[in-house]
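Work through the exercises below with the structure open. Try each task before reading its solution.

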Protein chains: 2
Amino acid sequence: MNSGLDLRITPRTVQQQTIEKLRLAIIAGVFPPGSRLVESQLCAQLGVSRPSLREALRSLQAERLIEIIPNRGPFVPKLSWEEATEIYDVRELLEVAAVGRCAALIAPEQVKELERALKAFERAQKSEESLDMVTTAAEFYAIILANCGNAILEEVHRGLVARISFSAADPCRLRGARRTVFRRCATSTMRLLRAMKSARARRQNATWTRPRLRPSVR
Amino acid sequence: MNSGLDLRITPRTVQQQTIEKLRLAIIAGVFPPGSRLVESQLCAQLGVSRPSLREALRSLQAERLIEIIPNRGPFVPKLSWEEATEIYDVRELLEVAAVGRCAALIAPEQVKELERALKAFERAQKSEESLDMVTTAAEFYAIILANCGNAILEEVHRGLVARISFSAADPCRLRGARRTVFRRCATSTMRLLRAMKSARARRQNATWTRPRLRPSVR
DNA sequence: AACGCAAGAATGTCTTACAATCTTATTGAC
DNA sequence: GTCAATAAGATTGTAAGACATTCTTGCGTT
């Protein structure tokens with residue numbers, strides 16, 4: 001009866017909170033790319049001890065959100081054009097794959113959410129507002145990734161998105177590449193949405209069940 | 001003159017060494033999946049202080065090589081079938097993309113290396129020796145990923161490979177899926193190698209230069 | 001065998017300390 | 001004024017110690 005239900009309350013550790021707060025601050029652009037994070041200041045700001053902070057910084061380093069240079073401390077990295085492009089390439093690869101899988105797996109209620117998010121995304125594209133493009137795209141792809149049937153895909157994608165986010169501080173250099181990527185994915189996504197709709201219409205009389213996950217077949 | 005050349009010797013920090021040693025030990029299966037790592041024992045074994053160890057453990061946690069459960073400590077995770085499958089799926093996705101890009105970018109000397117590695121891989125497949133399959137596949141794909149022109153792709157792939165490696169402790173459950181994936185990629189890779197060879201033959205009279213990296217075109 | 005309690009082990013967090021390295025400021029020579 | 005050398009200050013890397021809290025194990029009772 002209770003075997004699958006874990007009602008235990010697990011208080012969030014200082015560690016978890018420190019990591020999350022720092023991650024959010026970095027992604028939000030609180031620290032400009034290239035800037036050094038000074039441990040003593042962070043300890044004071046976060047109200048944690050130095051060892052706790054250092055543990056958190058190690059975590060964020062492994063996520064590539066910061067770069068810890070021995071004897072000089074942690075920095076928020078400046079993404080080179082090349083690295084940013086590579087991140088976008090891989091991200092796009094994952095997104096295209098996620099869209100394809102999402103089309104086969106998504107639940108009906110989520111299709112409506114997806115369509116709403118796609119419209120918001122397209123509106124942002126038209127308005128050419130950089131921040132809107134980023135946030136609406138994030139929402140759009142969050143739905144897709146959540147419904148692609150592969151948690152690892154979602155997780156890797158999330159990590160890459162985080163790494164790209166603070167380079168929004170340098171919008172001019174990336175705008176061209178980003179818009180191209182967004183346009184391409186939006187186009188293929190709309191195509192898939194249409195294919196999805198017709199497939200669903202064909203299946204309307206059968207009971208809709210989500211296919212079981214199994215090793216992918218190409 | 002010296003502006004691009006950094007001759008400074010950077011000694012490896014305790015931190016770096018600890019992370020690396022632990023990572024290798026985990027990947028090598030020194031700690032069975034599901035087992036708990038006890039900090040005091042690790043400190044004694046590695047000869048480092050507890051704060052240093054804890055920093056390293058946070059790093060490895062972010063790499064998903066261990067799972068730190070609050071108040072219970074770090075564990076080497078047991079990969080569920082589902083999670084392992086998902087990792088393989090994403091890994092395959094990256095590998096197929098890498099192969100495609102490698103075909104366009106690889107230098108001639110590396111083609112020979114690739115062919116040699118592919119042969120070793122095929123031999124291992126025939127012998128059905130699990131460890132050989134893992135190691136020859138790793139070598140094979142390391143060449144491909146190193147020549148795919150995208151460091152992020154390589155990096156993400158490497159992370160996923162690491163996560164899968166210690167589940168070699170449970171070969172029976174994964175052998176089927178792994179063999180399928182390997183077969184598929186070997187087939188498509190041989191196809192691409194052949195396409196690569198004919199493309200190179202066509203270009204034999206022109207000076208071979210590596211194309212400049214730019215945003216991918218589909 | 002099941003339950004409750006105590007003891008022991010281990011983790012999470014903090015404080016203190018110090019060596020080493022880097023950064024900044026100061027001084028002296030030209 | 002410029003440049004180089006030195007000193008001072010700031011910061012990082014690592015370790016040791018302390019203690020509260022939580023979990024695990026062992027033991028006794030029913």
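**Exercise 1. Handedness and packing of two helices in chain B**

Determine which hand the crossing of α1(B) and α3(B) has, then find the angle and the residues in contact.

Solution. This is a predicted model. Start with the hand: α1(B) and α3(B) cross in a right-handed sense. Next, take the axes. They come within 9 Å and cross at roughly 55 degrees. Angles of 65 to 115 degrees count as roughly perpendicular, and those under 35 as roughly parallel. The value for this pair therefore makes α1(B) oblique to α3(B). Now list the contact. From α1(B) come Val14(B), Gln15(B), Thr18(B), Ile19(B), Leu22(B) and Arg23(B). From α3(B) come Ser52(B), Leu53(B), Glu55(B), Ala56(B), Ser59(B) and Leu60(B). Finally, sort by class: six residues are nonpolar, four polar and two charged.

**Exercise 2. The surface near DNA strand D**

Find how many residues surround DNA strand D, and which elements give two or more of them.

Solution. Count first: 17 residues surround DNA strand D. The closest are Glu39(A) and Gly73(A) from chain A, with Thr13(B), Val14(B) and Ser52(B) from chain B. Then assign elements. Chain A gives two or more residues through α2 (39-46), and chain B does so through α1 (14-27) and α3 (50-62). The classes are six nonpolar, eight polar and three charged.

**Exercise 3. The surface near DNA strand C**

Repeat the analysis for DNA strand C, and name the element with the largest share.

Solution. There are 18 residues around DNA strand C. Thr13(A), Val14(A), Ser52(A), Glu39(B) and Gly73(B) come nearest. At least two residues each are supplied by α1 (14-27) and α3 (50-62) of chain A and by α2 (39-46) of chain B. The largest share belongs to α3(A), with three residues. By class, the surface has six nonpolar, eight polar and four charged residues.

**Exercise 4. α4 and α7 within chain B**

Decide how α4(B) and α7(B) are oriented, parallel or antiparallel, and describe their contact.

Solution. Take helix α4 (residues 81-105) and helix α7 (residues 151-165) of chain B. They pack at about 150 degrees, with axes 10 Å apart. Angles over 145 degrees count as roughly antiparallel. α4(B) and α7(B) are therefore roughly antiparallel. The crossing is left-handed. In α4(B), the contact includes Ala84(B), Ile87(B), Val90(B) and Leu94(B). Among their counterparts in α7(B) are Leu153(B), Val156(B), Leu160(B) and Ile164(B). By class, the contact has 11 nonpolar, one polar and three charged residues.

**Exercise 5. A helix pair across the chains**

Find the angle at which α7(A) packs with α4(B), and list the contact residues.

Solution. Helix α7 (residues 151-165) of chain A packs with α4(B) at about 55 degrees. Their axes lie 7 Å apart. α7(A) and α4(B) are therefore oblique to each other. Chain A brings Ala151(A), Ile152(A), Leu153(A) and Val156(A). Chain B brings Glu86(B), Ile87(B) and Val90(B). Six of these residues are nonpolar, none is polar and one is charged.

**Exercise 6. Domains of chain A**

State the domain bounds in chain A, then find how many residues each domain gives to the contact.

Solution. Chain A is divided into domain 1 (14-75) and domain 2 (81-202). Eight residues of domain 1 and eight of domain 2 take part in the contact. The side of domain 1 that touches domain 2 has five nonpolar, one polar and two charged residues.

Key. Residues are numbered from 1 along each chain as its sequence is written. Chains are lettered from A and ligands numbered from 1 in the order in which they are written. This is a predicted model: local features need pLDDT of at least 70, side-chain atom pairs count only at pLDDT 80 or more; totals for chains, interfaces and linings use all residues. A residue is near a molecule or strand if its C-beta atom, placed from the backbone, lies within 6 Å of it. Helices (H or I, at least four residues) and strands (E, at least two) are DSSP runs, numbered from the N terminus. Ala, Val, Leu, Ile, Met, Phe, Trp, Tyr, Cys and Pro count as nonpolar, Asp, Glu, Lys and Arg as charged, and the others, Gly among them, as polar. Axes are lines fitted to C-alpha atoms, for helices over the stretch in contact, and angles run from 0 to 180 degrees between N-to-C directions. A crossing is left-handed if the near helix is turned anticlockwise from the far one by less than a right angle, and right-handed if clockwise. Two residues are in contact if their C-beta atoms, placed from the backbone, lie within 7 Å. Domain bounds come from an automatic or database domain assignment.
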